[in-house]
Amino acid sequence: MIARVATGYLLVAGAVVASIGLGMVAMPNAFYGSYGIDPHISVDLANELRSPGLWLVMTGLVIGLGAFRPDLRRLSLGTAAIFYLSYAAARGISIALDGLPGAGLMIAAASELVLGMGGAALWWRAAPSLHRP
């Protein structure tokens, strides 16, 4: 049962981050525009906003790979937990220092927190038991 849940989680979590990365690289104006951010302001801003996109695509592939390779499942779950929880934590710091962002980014923060906690819980459940012979 837990393997099916983990597989479904990894497929969703990997697809979400890979899709976001593709949006950042291929369609930054539409992607960031949906959050009220205009990459047209400067070439430097557009470059800075586009640059992490492939990192997110590759992270999404590593996360999703665990759905198909049981030997990589725990690594993929840990990657997902670290990825999503670090984004959620960074957004929390930004909220504390800069104030509340728009609704779209607040939804993103909540989603990252939920996906990160889900990944951490599944990672914990996938740990080998210390009491097994």
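# Close-up views of a predicted six-helix model

**View 1. The whole chain, a predicted model, is shown with its helices and its surface.** Of the 133 residues of the protein, 32% count as buried, a term that stands for under 20% relative accessible area, whereas exposed stands for over 50% and partly exposed for what lies in between (1.4 Å probe, protein chains only). Because this is a predicted model, local features need pLDDT of at least 70 and side-chain atom pairs count only at pLDDT 80 or more, while totals for chains, interfaces and linings use all residues. Residues are numbered from 1 along each chain as its sequence is written, and side-chain values use heavy atoms, with hydrogens and water left out. The protein has six helices and zero strands, in the order α-α-α-α-α-α; helices (H or I, at least four residues) and strands (E, at least two) are DSSP runs, numbered from the N terminus. Its C-alpha atoms fill a box of roughly 60 × 30 × 20 Å along the principal axes. About 8,300 Å² is exposed, with carbon and sulfur atoms supplying 71% of it, as computed by the Shrake-Rupley method with a 1.4 Å probe.

**View 2. The largest nonpolar core is seen with the helices that supply it.** Such a core is a set of buried Ala, Val, Leu, Ile, Met, Phe, Trp, Tyr and Cys residues joined through side-chain atoms within 4.5 Å. Of its 18 residues, Tyr9, Leu10, Val17, Ile63, Leu77 and Tyr84 touch the most other members. At least two residues of this core come from each of helix H1 (2-26), helix H2 (28-33), helix H4 (53-65), helix H5 (73-98) and helix H6 (103-125), and H1 gives the most, with six residues. Leaving aside its neighbours within four places in sequence, Leu77 is in contact (heavy atoms within 4.5 Å) with Ala6, Tyr9, Leu10, Gly119, Leu122, Trp123 and Ala126.

**View 3. Helix H1 is shown with its buried residues and with Val16.** The 25 residues of H1 should span 36 Å at 1.5 Å a residue, and its end C-alpha atoms are 35 Å apart, which agrees; the expected span is 1.5 Å times one less than the number of residues. Among the buried residues of H1 are Ala6, Ala13, Gly14, Ala18, Gly21, Gly23 and Met24, and the buried residues of this helix pack against H2, helix H3 (43-50), H4, H5 and H6. Val16, also placed in H1, counts as partly exposed because its relative accessibility is 31%. Val16 and Val57 are 41 residues apart in sequence, and their C-alpha atoms are 9.4 Å apart in space.

**View 4. Helix H5 is shown with the residue that follows it.** At 1.5 Å a residue, the 26 residues of H5 should span 38 Å, and its end C-alpha atoms are 37 Å apart, which agrees. The buried residues of H5 include Arg73, Ser76, Gly78, Phe83 and Ala88, and the buried residues of this helix pack against H1, H4 and H6. Just after H5, Gly99 takes a positive phi of about 100 degrees.

**View 5. Ile107 is shown in its place in helix H6.** Ile107 counts as exposed because its relative accessible area is 57%. The C-alpha atoms of Ile107 and His40 are separated by 24 Å, and the two residues lie 67 residues apart along the chain.
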